Amino acid sequence: MTKPPRGYLILACLALLAIFIGYQAIFKWPAEKQGLAKQQKLIEAIESRKWGRVHRLVSDHYGDSLELDRENLLLALRDLGSQFWTMLELNWEMTDLQRDGDAIVITGKLRLDGEGGMFAPMAVQHARPFANKPFTFRWRKAGTMPWSWRLDSIHHPDARLPDGYVPGELRRRTGFGEF
């Protein structure tokens with residue numbers, strides 16, 4: 001019996017790989033599932049104060065109702081995290097998930113809890129009224145890979161920053177930069 005030409009084996013392997021990737025993309029990596037996974041990773045990264053992970057999850061084109069861009073959002077989250085020395089907990093309860101063109105929109109209630117520095121109770125108190133209305137997280141695919149979803153915006157109807165707050169300033173003033 002003669003062996004098939006090597007080119008046919010390579011072609012067959014490529015065809016099997018294409019079928020496998022197609023199957024994964026259709027059944028294992030639907031956009032809604034990826035959006036939920038990224039949402040959970042974002043919450044976990046903020047709680048554990050893994051700022052490199054948070055940075056990778058936020059789009060370069062981030063913008064929100066507070067007029068924060070990507071860098072200012074990251075500074076504000078670091079300010080928040082720096083005040084919770086012992087525990088930072090974000091209690092997330094999803095209420096809706098929708099596909100909006102090339103975006104995934106996840107809506108839910110978010111409650112902040114934690115213990116730590118002298119500003120931690122003030123942060124919890126400031127955030128408490130926001131738990132009554134839902135937050136909307138918009139995720140957009142940043143590349144061709146199924147897992148390339150990035151946070152594009154966060155919206156809350158009543159969200160506001162404390163008067164006079166400048167992202168990054170709290171960490172600089174308190175000296176607790178890397179918590």
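How many aromatic pairs does a search of the whole structure find? The search finds two. This is a predicted model, in which local features need pLDDT of at least 70, side-chain atom pairs count only at pLDDT 80 or more, and totals for chains, interfaces and linings use all residues. Residues are numbered from 1 along each chain as its sequence is written, and side-chain values use heavy atoms, with hydrogens and water left out.

**View 1. Aromatic cluster of Trp92, Phe135 and Phe137.** Rings of Phe, Tyr and Trp (its six-membered ring) pair if their centres lie within 6.5 Å; planes under 30 degrees apart count as stacked, over 60 as edge-to-face and the rest as tilted. Of the two pairs found, the one formed by tryptophan 92 and phenylalanine 137 is edge-to-face, with 5.2 Å centre to centre and 85 degrees between the planes. Tryptophan 92 belongs to strand E1 (residues 87-100) and phenylalanine 137 to strand E3 (residues 135-141), so this pair ties together parts that are 45 residues apart in sequence. Helices (H or I, at least four residues) and strands (E, at least two) are DSSP runs, numbered from the N terminus. Phenylalanine 137 also pairs with phenylalanine 135 in a tilted arrangement, at 6.5 Å centre to centre and 40 degrees between the planes. Buried means under 20% relative accessible area, exposed over 50%, and partly exposed in between (1.4 Å probe, protein chains only). Phenylalanine 137 is buried at 3% relative accessibility, and phenylalanine 135 is buried at 12%.

**View 2. The largest nonpolar core, with 32 residues.** A nonpolar core is a set of buried Ala, Val, Leu, Ile, Met, Phe, Trp, Tyr and Cys residues joined through side-chain atoms within 4.5 Å. The residues with the most contacts inside this core are Leu42, Val54, Leu112, Phe137, Trp139 and Leu151. At least two core residues come from each of helix H2 (31-47), helix H3 (51-57), H4, E1, E2, H5, E3 and E4. H2 gives the largest share, five residues. Contact means heavy atoms within 4.5 Å. Not counting residues up to four places away in sequence, leucine 151 touches Leu42, Leu57, Val58, Ser59, Tyr62, Phe137, Arg138 and Trp139.

**View 3. Helix H2 and the elements that cover its buried residues.** The buried residues of H2 are Ala31, Gln34, Gly35, Lys38, Gln39, Leu42, Ile43, Ala45 and Ile46. Their cover includes H3, H4, E1, E2, E3 and E4. The expected span of a helix is 1.5 Å times one less than its number of residues. For the 17 residues of H2 this gives 24 Å, which agrees with the 24 Å between its end C-alpha atoms.

**View 4. Two residues with positive phi, arginine 49 and glutamate 67.** Most residues other than glycine have a negative phi. Arginine 49 takes a positive phi of about 55 degrees just after H2, in the loop between H2 and H3. Arginine 49 is buried, with a relative accessible area of 19%. Glutamate 67 has a phi near 65 degrees and lies in the loop between H3 and H4. Glutamate 67 is exposed, with a relative accessible area of 73%.

**View 5. Buried and exposed residues of helix H5 (residues 120-127).** Ala120, Ala123, Val124 and Ala127 are the buried residues of H5. They lie on the same side of H5 because they cover an arc of only 100 degrees around the axis; the arc is that of the directions from the helix axis to the C-beta atoms. Helix H4 (70-82) and strand E2 (103-115) are among the elements that cover these buried residues. Exposed residues Pro121 and Gln125 are carried on the face turned away from the buried side.

**View 6. Surroundings of aspartate 152 in strand E4 (residues 149-155).** Aspartate 152 is buried, at 13% relative accessibility. A polar contact of 3.2 Å links its side chain to that of arginine 140. A polar contact is a pair of N or O atoms within 3.5 Å; within protein, one must be able to donate a hydrogen and the other to accept it, and residues adjacent in sequence count only if both atoms are side-chain atoms. Leaving aside neighbours within four places in sequence, aspartate 152 is in contact with Ser59, His61, Tyr62, Gly63, Arg138, Trp139 and Arg140.
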